[in-house]
Amino acid sequence: MPSPVLPALRQALPMLSLLLAACAGGPALPPARPVAELAPAQWQAPLPHGGQPAQLARWWQSFDDPALARVVEAAQAASPTVAQARSRIAAAQVQRTGANATLLPRLDGTVSATRGISDPVTFQAPATTVQAGLQASWEADVFGRLRDDRSAADERLLGARAGWHEARVSVAAEAATSWFSLRTCGAIEQVAAADAASRAETARLTRLAADAGFQAPATAALAEASAAQGRMQLEQQRARCTSERKALVALTGIAEDTLAAWARDTHALPAPPNLEALPARVLAQRPDVYSAERNLLAAAADVGSADASRFPRLTLTGNVSRARFSSGSVDMTLNTWSLGPLAVTLPIFDGGVIAANRDAARVRYDEALLAYQARVRQAVREIEEALVNLESTRLREADAQRAVQGFRASLAAAESRWRTGLGSLIELEDQRRQALAAQNALVLLQQERAAALVALYRAAGGGWPPDDALATAPIPETR
């Protein structure tokens with residue numbers, strides 16, 4: 001008897017898909033397929049990049065940053081999280097193999113040998129008996145208990161594979177964010193180095209003027225203090241960049257010198273796309289949403305198996321054996337076979353074990369349903385937040401650029417007035433601080449933009465932008 005929960009679940013999943021569409025905009029997600037159609041070897045999964053690591057690497061190459069794809073690949077290779085996710089796939093495959101085996105007949109071989117005297121009073125010759133045979137047993141899955149167990153194992157295997165994709169996407173996003181942070185730190189270091197050099201030159205010229213009597217000693221002291229502050233800020237920024245590199249070394253296993261050489265590349269950080277919404281079907285590509293759906297179907301199959309445990313079990317046994325008996329001058333061989341019994345086992349009283357197992361399975365199903373609904377809502381939230389942050393950085397960038405240009409022009413004018421004696425050093429230093437703050441703000445905004453782009457990629461489950469050709473690519477079997 002098939003479980004009554006599975007048909008109801010298949011009716012509920014499209015409604016949850018409509019919830020996704022209402023929250024994120026776009027067409028409704030496709031309904032979940034029946035459990036019987038989820039053949040793992042032929043699974044056409046709606047996962048990012050078709051579940052292919054090579055496709056994921058090509059997506060990062062679109063950032064026009066040659067080192068980024070190498071950093072992501074190295075992080076995935078070194079990540080214990082990805083390795084643990086692959087181990088969970090292997091464990092799920094073993095469980096599926098065991099569940100499939102329960103549907104097949106079982107065949108055992110037996111061999112026995114005995115030697116002894118049956119009547120020690122008459123001193124008969126010792127007798128030797130050697131027997132070999134085959135015993136077969138098979139349970140007819142009349143009420144679908146074993147099939148539900150197999151369906152649950154299949155769903156959990158699919159969920160484990162989705163968990164592996166989720167781990168890869170998460171590690172890729174973490175590595176990309178760390179790499180952009182290192183690149184940003186290097187850009188701020190360049191700004192700090194230019195600022196320190198400018199302050200040092202101002203201090204040198206002010207000291208020459210003070211020694212010649214054209215500037216007050218206090219003015220020279222102010223310029224030298226400003227130069228010292230610039231050097232201090234530069235060294236502080238260099239220490240930050242060193243810490244960023246060491247963190248990335250721990251994440252990727254790449255040598256620090258190699259990362260430093262890659263970070264000196266002058267490629268700009270990626271520009272944000274113009275996006276206001278994503279199709280709701282992109283959410284179906286999130287491995288965590290897909291895994292939660294598989295866990296929900298597996299829990300439903302467990303309910304069906306627990307329900308079927310209340311009904312009778314039908315088993316059939318049989319055996320074939322060959323025995324040889326020898327004692328003194330007696331030597332004979334005996335072949336036997338039997339089919340049966342055909343046994344029906346009906347649970348009558350078990351102290352409430354079956355009922356407790358059935359109730360526990362239903363509780364796990366309710367828990368899996370709540371977890372799936374929560375995961376869907378969280379996915380919608382993360383997508384919308386990522387879109388908001390990305391759009392915010394795009395709108396602020398033009399103003400940040402104008403601020404940098406304006407403060408640079410003002411600094412150049414202040415420096416020109418100071419050199420001609422029409423301006424004060426205090427005014428020059430004030431303009432310098434404002435220009436430095438504007439430049440740093442622009443660099444940090446570019447980092448925020450890149451981080452928002454990575455967050456959108458991660459929120460979309462690694463499937464942004466969607467690619468229909470890749471979405472239908474089969475998942476390779478895990479070796």
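I searched the whole structure for aromatic pairs and found one, where rings of Phe, Tyr and Trp (its six-membered ring) pair if their centres lie within 6.5 Å. The rings of Phe 143 and Phe 311 have centres 5.0 Å apart and planes at 25°, so I noted the pair as stacked (planes under 30 degrees apart; over 60 is edge-to-face and the rest tilted).

The model is predicted, with local features needing pLDDT of at least 70 and side-chain atom pairs counting only at pLDDT 80 or more, while totals for chains, interfaces and linings use all residues. Residues are numbered from 1 along each chain as its sequence is written, and side-chain values use heavy atoms, with hydrogens and water left out.

I then looked up where the two rings sit: Phe 143 is in the loop between strand E2 (127–140) and helix H5 (145–211), and Phe 311, 168 residues apart from Phe 143, is in the loop between helix H8 (287–308) and strand E3 (313–327). Helices (H or I, at least four residues) and strands (E, at least two) are DSSP runs, numbered from the N terminus. Phe 143 has 25% relative accessibility and so counts as partly exposed, and Phe 311, at 22%, is also partly exposed (buried is under 20% relative accessible area, exposed over 50%, partly exposed in between, with a 1.4 Å probe and protein chains only).

Next I checked for charges over rings (NZ of Lys or CZ of Arg within 6 Å of the ring centre and within 35 degrees of the ring normal). Arg 70 lies over the face of Trp 262, 4.3 Å from the ring centre, and Arg 294 lies over the face of Tyr 290 at 4.6 Å.
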